[in-house]
Amino acid sequence: FRTLDDLDPKGRRILLRADLNLPMRDGVITDRTRIERLAPTVQELAEKGGRVILCSHFDRPKGKRVPEMSLKPMQEALAQALSRPVAFVDDCIGPEAEAAAARLQDGEVLLLENTRYHAGEEANDPAMAAALAKLADVYVNDAFSAAHRAHASTEGVARLLPSYAGRLMQAELEALDAALGNPARPVVAIVGGAKVSTKLDLLGNMVKRVDVLVIGGAMANTFLGAQGHAMGKSLQEAGMYDTARAILETARTANCEIILPSDLMVAAAFAANVPTREVGVDAVPAEMMALDVGPDTVAAIEARLRQASTLVWNGPLGAFETPPFDAATVAVAQSVAGLTQSMGLKSIAGGGDTVAALKHAGVEERMTYVSAAGGAFLEWLEGKTLPGVAALETAA
Ligand code: 3PG
């Protein structure tokens with residue numbers, strides 16, 4: 001695909017697809033990572049005299065104008081991050097948006113309202129794509145984290161305008177390719193989180209591509225249950241036992257070593273600072289639940305990491321938002337950061353929870369690369385084609 005190196009933005013109206021789907025609580029942005037990562041693309045285009053028209057989805061309003069899902073709160077956050085004024089128009093297509101786009105001068109920035117206020121966005125309706133294309137001379141996609149969606153603003157419009165990858169899109173793809181396209185071995189993957197069912201394809205594909213797969217989080221309970229361990233009140237998906245066994249079998253034939261927890265931190269209830277017990281996987285009391293992996297498991301993971309050249313991490317090892325069940329995730333995060341700095345381990349992480357966990361551990365800056373993407377990062381890891389990226393390639 002073409003990048004900003006191939007585009008002279010001076011005097012041109014540029015429709016810039018960003019991912020401003022930021023975490024918000026009670027109308028307040030709780031994490032600005034995606035804005036910070038986007039800012040260099042906007043700056044570069046504006047400084048070179050481009051007329052930047054930003055569009056994005058926010059949350060899932062399903063084609064309706066849900067007021068709580070307006071992009072208006074992002075206007076000020078963007079202006080701060082860019083140190084330049086940002087105008088706002090409360091629709092992303094139609095006469096008002098067209099007039100605002102036409103008024104833009106060189107170097108000015110305009111933010112459009114939520115693309116998902118129109119049902120045509122998610123339907124990838126050609127009429128919606130055409131209405132977006134009408135606003136601009138060229139299209140730049142900087143939303144790697146939304147590139148797994150074939151929507152009008154991520155896919156359809158790329159067929160209608162000369163299209164380019166923004167700097168963040170480019171950086172995400174280059175970093176993932178460099179570290180994982182032909183990775184230095186051994187490769188260790190850590191996959192955690194709650195459900196086997198949501199990461200089934202990922203696990204099935206990972207065992208064929210990595211040397212060691214560490215399975216943590218609640219999904220490890222399902223694997224342990226499938227192996228015949230009594231898991232007490234632990235969260236697990238008993239309906240996934242056969243699938244879990246099939247994944248272990250695929251791993252065996254692919255020569256991928258699986259690391260499951262050997263010990264667990266258990267408690268009677270899931271709450272902050274409750275009394276906990278450290279038990280082996282064969283000794284989970286019937287009335288207790290596993291909420292984190294134990295110190296022996298952490299030591300086993302660290303031993304594999306010391307041998308590894310590449311690490312890819314998605315999903316925390318325990319219920320890290322609720323201390324003390326952050327202990328294993330924090331300990332492993334610190335080991336990873338240390339090995340990255342001292343031993344040249346290539347450490348790549350992605351996914352909303354994973355980024356939050358790395359920030360919580362204070363090591364986000366010491367990883368080789370942290371992707372701003374969640375779902376798109378996972379689909380890329382699975383080797384799936386991302387429609388937003390494919391559209392840029394076709395356009396080129
Ligand atoms: C994300 O946050 O992963 C992207 O913005 C995609 O959002 P979506 O899952 O609502 O499509």
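**Note on the predicted model: strand 9 and its surroundings**

1. Strand 9 pairs with strand 10 (residues 212–215) through 4 bridges, and the two strands run in the parallel sense. One such pair of residues can be named: Ile-190 has Val-214 of strand 10 as its bridge partner. The reader should bear in mind that this is a predicted model.

2. Strand 9 also has a partner in strand 15 (residues 310–314), to which it is joined by 5 bridges, again in parallel. Val-187 lies opposite Thr-310 of strand 15, and Val-191 has Asn-314 as its bridge partner in that strand.

3. These pairings belong to an open sheet of 6 strands, ordered 11-10-9-15-16-17 and paired in parallel. The edges are formed by strand 11 (257–259) and strand 17 (369–370); each has a single partner strand, so one side of each is without a neighbour in the sheet.

4. Is strand 9 enclosed by the rest of the structure or left open, and why? Strand 9 covers residues 187–191, and 5 of its 5 residues are buried, so the strand is largely enclosed by the rest of the structure. A residue is called buried when its relative accessible area is under 20%. The side chains of the strand point in two directions: Val-187, Ala-189 and Val-191 face one way, Val-188 and Ile-190 face the other, and all are buried.

5. A second place to examine is Ala-328, which belongs to helix 11 (residues 327–343). Its relative accessibility is 3%, so Ala-328 counts as buried. Apart from neighbours within four places in sequence, Ala-328 is in contact with Asp-292, Val-293, Val-298 and Leu-317. For Val-293, the separation from Ala-328 is 35 residues in sequence, while the C-alpha atoms of the two are 6.2 Å apart in space.

6. Thr-3 is found in the segment that comes before strand 1 (13–17). Is this residue buried or exposed? Thr-3 counts as buried, because its relative accessibility is 9%. Beyond its neighbours within four places in sequence, Thr-3 is in contact with Tyr-164, Ala-165, Arg-167 and Gln-170.

7. The chain as a whole may now be considered. Its secondary structure consists of 14 helices and 17 strands. The radius of gyration is 23 Å, close to the 21 Å that the globule rule gives for 396 residues, so the chain is as compact as a globular protein of that length. Along the principal axes, the C-alpha atoms fill a box of roughly 70 × 40 × 35 Å.

8. Of the 396 residues in the protein chain, 58% count as buried. What share of the contacts with a separation of 6 or more is made by residues 24 or more positions apart? Such residues account for 74% of these contacts in the protein chain.

9. Two remarks concern surface and charge. The protein chain exposes about 15,900 Å², and 50% of this area is supplied by carbon and sulfur atoms. There are 38 positive and 49 negative side chains in the protein chain, and the centres of the two sets lie 2 Å apart.

Key:
Residues numbered from 1 in each chain as written. Predicted model: local features only at pLDDT ≥ 70, side-chain atom pairs only at ≥ 80, totals over all residues. Heavy atoms only, no water. Buried < 20%, exposed > 50% of the residue type's maximum accessible area, 1.4 Å probe, protein only. Contact = heavy atoms within 4.5 Å. Rg over C-alpha atoms; globule rule 2.2 N^0.38 Å. Areas by Shrake-Rupley, 256 points an atom, 1.4 Å probe, with all protein chains shown as cover. Lys, Arg positive; Asp, Glu negative; His and termini not counted. Charge placed at Lys NZ, Arg CZ, Asp CG, Glu CD. Pairing = 2+ DSSP bridges.
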